[in-house]
Amino acid sequence: MADRGCPLEAVPLPAEVRESLAELELELSEGDITQKGYEKKRAKLLARYIPLIQGVDPSLQAENRMPAPSQTTAAVPKQQKPRPTSSRDERFRSDVHTEAVQAALAKYKERKMPMPSKRRSVLVHSSVETYTPPDTSSASEDEGSLRRPGRLTSTPLQSHSNIEPWLDRVIQGSSTSSSASSTSSHPGGRPAAAPTAAATTLTGPAAHAHLGVPVNSRVSSKIQQLLNTLKRPKRPPLKEFFVDDFEELLEVQQPDPNQPKPEGSQMVVLRGEPLAVGVPWPPSLLAALQRWGTTQPKAPCLTALDTAGKAVYTLTYGKLWSRSLKLAYTLLNKLTSKNEPLLKPGDRVALVFPNSDPVMFMVAFYGCLLADLVPVPIEVPLTRKDAGSQQVGFLLGSCGVTLALTTDACQKGLPKAQTGEVATFKGWPPLSWLVIDGKHLTKPPKDWRPQTQDAGAGTAYIEYKTSKEGSTVGVTVSHASLLAQCQALTQACGYSEAETLTNVLDFKRDAGLWHGVLTSVMNRMHVISIPYALMKVNPLSWIQKVCSYKARAALVKSRDMHWSLLAQRGQRDVSLSSLRVLIVADGANPWSISSCDAFLNVFQSRGLRPEVICPCATSPEALTVAIRRPPDLGGPPPKKAVLSMNGLSFGVIRVDTEEKLSVLTVQDVGQVLPGADVCVVKVEGAPYLCKTDEVGELCVSSTTTGTAYYGLLGITKSVFETVPVTAGGMPVSDRPFTRTGLLGFIGPDNLVFVVGKLDGLMVVGVRRHSADDIVATALAVEPMKFVYRGR
């Protein structure tokens with residue numbers, strides 16, 4: 001506009017004109033008139049007086065014919081184009097304009113009357129006189145984005161953007177200044193004192209018409225909101241921006257002076273019983289297989305059931321030996337690629353077998369061991385893009401797997417490509433598939449014998465583990481660890497030759513593999529494998545097989561015991577009197593105790609003895625950590641611990657009473673495995689030994705544990721090569737320990753108690769909560785409904 005750079009104080013305006021201008025400004029500020037209408041009416045009012053202004057070009061009088069700068073009102077926001085970056089608006093930089101502003105401020109200070117705005121500040125008298133507006137030509141970006149070249153978005157409040165920052169600095173620099181608007185918009189603001197002199201930031205059209213014009217000080221709420229916004233710092237400090245959350249966080253993390261703290265002495269390393277001396281252990285598991293396969297060829301090794309509970313096939317030790325030999329010979333001599341053997345000793349091979357076919361899995365597993373290949377058992381992929389299958393594919397790729405073994409029936413059920421071959425699954429490396437049914441194998445020459453040398457440090461097999469983030473890693477188990485595990489389990493469980501074991505677990509991994517495929521062969525045991533599909537149809541099937549085969553041992557999970565309770569009504573002819581040991585593989589879970597107690601209450605009248613139930617604790621890294629001993633082996637009586645949930649949330653063991661609802665009842669998982677050393681270390685930080693009444697992570701030093709995460713040296717060192725230290729920083733042993741991922745403590749009679757897993761640990765503030773505890777609480781409220789519907 002023509003006269004925006006000129007003060008109206010130089011023009012003698014009549015009182016009625018000044019009042020009209022004031023009303024016009026008020027209408028514009030409250031959105032009652034458009035910008036265009038404002039310009040026309042204002043030009044009409046000032047038309048006769050503009051020539052009186054000295055230094056103004058008469059050609060600029062026709063204000064309504066000049067294009068106004070892009071402006072938006074607070075009430076009617078419109079997006080406008082920014083000013084060209086090359087143009088400099090000299091109107092707001094004239095000396096005449098600066099002097100006019102200074103004069104106006106001085107005049108209003110003499111009158112001691114407020115400026116027409118609610119944004120008032122108390123100023124020191126000399127503040128305005130000692131400050132001058134900075135030269136915008138050297139303004140930095142820190143002084144606000146309103147003056148950044150190319151980013152100008154003009155509003156009615158930006159016409160004097162070069163005055164706003166320096167005037168705000170005067171206001172903020174005064175020790176007596178305060179702002180009513182800042183009081184309401186900033187935490188910790190103080191009300192302004194009674195003003196002795198008032199000033200306002202000059203913004204927009206009001207900066208011109210209001211100078212020396214006595215008008216109503218009422219300002220629209222939207223204009224006031226914009227003024228308050230401009231009053232705030234452009235970029236508040238980070239701490240001020242998050243002040244509420246930050247203070248609340250500090251309050252949560254403050255330690256409670258009344259929280260329970262460990263008071264016991266520092267624990268010592270718990271040493272398990274030594275492995276039996278003088279027992280004629282075989283030099284390797286393959287040597288045991290060869291012995292039984294040649295001396296007891298007709299002895300039953302494994303019986304497979306169909307979904308109706310009928311025995312469909314019994315694998316003898318002679319058949320297991322001969323078919324494993326065929327497979328080993330075929331793998332080493334009949335598979336070629338470009339006239340060279342496809343496999344060489346030490347290569348990894350995937351085993352893809354369904355849970356309903358333990359016989360072929362067993363043949364494949366021992367065939368790989370005889371050929372000095374490393375089996376990698378995995379689940380059968382169901383679709384080409386299965387999410388879990390992608391993680392398994394990553395494991396296969398990292399292991400360098402190029403060959404997968406399967407059965408004819410399983411291969412027919414796999415997704416196929418257009419060529420008719422097995423499809424390439426998402427994330428999997430390119431694989432060759434070998435069907436190992438009898439007709440596809442080659443009988444070896446009579447003089448061919450595999451190497452069944454003593455167990456060594458070489459990798460025997462790789463077992464996959466899925467973490468809570470969904471990633472899959474492979475735990476390597478050496479031949480020496482495999483043999484030591486079989487020996488320790490034989491001693492701990494009291495296994496003897498030709499015993500019958502009923503196995504409900506997955507035979508490809510964990511306890512189902514260690515007991516049902518490995519330890520059973522070393523002791524020439526007969527395993528009755530219960531498929532998972534049969535358990536869903538008939539949850540009582542495993543009990544019926546214990547009764548019909550007079551099984552001495554059974555391997556189940558607490559869920560299987562619970563399902564049996566739901567299906568046992570009306571069953572009068574079952575007896576569990578033959579059981580010598582009932583191994584509960586997930587006995588470390590806090591909720592397993594309710595299943596064990598309920599199962600005993602029902603089946604004790606049917607021959608089940610209380611001391612037969614043997615919970616155990618296992619880990620993919622440490623294999624079997626602890627197991628309760630059968631009564632005939634002289635183990636201590638079972639124990640229960642009723643623990644305060646409040647104490648557990650602080651990692652402290654406090655015995656409570658069963659009458660309270662805020663308690664967690666856990667059962668022992670027996671003693672540590674023979675030949676193993678166990679200690680409990682702090683969950684966070686360096687592996688310092690815990691106190692005797694403190695919850696920590698169980699660590700095991702033994703020849704029975706896994707040796708590494710395949711191909712992952714970094715996390716292998718932190719998990720498989722931990723060195724626990726005392727409070728003084730001294731190592732507790734010259735041998736490394738393996739972290740188990742189990743949280744617990746050592747109780748009376750050197751019994752191990754597990755209260756959760758590291759993967760299920762949730763830390764809120766300074767308190768710990770376990771996912772297992774949540775499940776246990778739900779089961780305690782209404783166990784039958786929750787377990788049955790959520791199984």
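Strands are DSSP runs of type E with at least two residues, numbered from the N terminus. The exercises below concern a predicted model.

**Exercise 1. Determine where Thr-618 lies, whether Thr-618 is buried or exposed, and which residues Thr-618 contacts outside its sequence neighbourhood.**

Step 1. Thr-618 belongs to strand β18, which covers residues 613–619.

Step 2. The relative accessible area of Thr-618 is 16%. Buried means under 20%, so Thr-618 is buried.

Step 3. When neighbours within four places in sequence are set aside, the contacts of Thr-618 are Asp-510, Trp-514, Ala-585, Leu-623, Thr-624, Val-625 and Leu-742.

Step 4. One of these contacts, Asp-510, lies in helix α17. Phi of Asp-510 is near 60 degrees, a positive value in a residue other than glycine.

**Exercise 2. Describe how helices α16 and α17 pack, and which residues meet.**

Step 1. Helix α16 spans residues 479–493 and helix α17 spans residues 510–522; their axes are 9 Å apart, at an angle of about 85 degrees.

Step 2. Angles of 65 to 115 degrees count as roughly perpendicular, and therefore α16 is roughly perpendicular to α17.

Step 3. From α16, the residues in contact are Leu-482, Leu-483, Gln-485, Cys-486, Gln-487, Leu-489, Thr-490 and Cys-493. They meet Trp-514, His-515, Leu-518, Thr-519 and Met-522 of α17.

Step 4. Sorted by class, this contact of α16 with α17 comprises eight nonpolar, five polar and no charged residues.

**Exercise 3. Establish how many residues of helix α20 are buried.**

Step 1. Helix α20 runs over residues 558–567, and seven of its ten residues are buried. These are Ser-558, Asp-560, Met-561, His-562, Trp-563, Ser-564 and Leu-565.

Step 2. The helix α20 is therefore largely enclosed by the rest of the structure.

**Exercise 4. Classify the pair formed by Phe-745 and Phe-753, and identify an aromatic cluster and the charges over rings.**

Step 1. There are twelve aromatic pairs in the structure. In the pair of Phe-745 and Phe-753, the ring centres are 5.2 Å apart and the planes are at 5 degrees, so the pair is stacked. Both Phe-745 and Phe-753 are buried.

Step 2. One aromatic cluster is formed by Phe-353, Phe-361, Phe-365, Tyr-366, Tyr-461 and Phe-507. Over the face of Phe-507 lies Lys-508, at 5.3 Å from the ring centre.

Step 3. Arg-524 lies over the face of Trp-292, at 5.6 Å from the ring centre.

**Exercise 5. Locate Asn-750 and state its phi and its accessibility.**

Step 1. Asn-750 is placed in the loop between β26 (738–746) and β27 (752–757).

Step 2. Phi of Asn-750 is near 55 degrees, a positive value in a residue other than glycine.

Step 3. The relative accessibility of Asn-750 is 43%, so Asn-750 counts as partly exposed.

Key: Residues are numbered from 1 along each chain as its sequence is written. This is a predicted model: local features need pLDDT of at least 70, side-chain atom pairs count only at pLDDT 80 or more; totals for chains, interfaces and linings use all residues. Side-chain values use heavy atoms; hydrogens and water are left out. Axes are lines fitted to C-alpha atoms, for helices over the stretch in contact, and angles run from 0 to 180 degrees between N-to-C directions. Helices (H or I, at least four residues) and strands (E, at least two) are DSSP runs, numbered from the N terminus. Angles under 35 degrees count as roughly parallel, over 145 as roughly antiparallel, 65 to 115 as roughly perpendicular and the rest as oblique. Contact means heavy atoms within 4.5 Å. Ala, Val, Leu, Ile, Met, Phe, Trp, Tyr, Cys and Pro count as nonpolar, Asp, Glu, Lys and Arg as charged, and the others, Gly among them, as polar. Buried means under 20% relative accessible area, exposed over 50%, partly exposed in between (1.4 Å probe, protein chains only). Rings of Phe, Tyr and Trp (its six-membered ring) pair if their centres lie within 6.5 Å; planes under 30 degrees apart count as stacked, over 60 as edge-to-face and the rest as tilted. A charge sits over a ring if NZ of Lys or CZ of Arg is within 6 Å of the ring centre and within 35 degrees of the ring normal.
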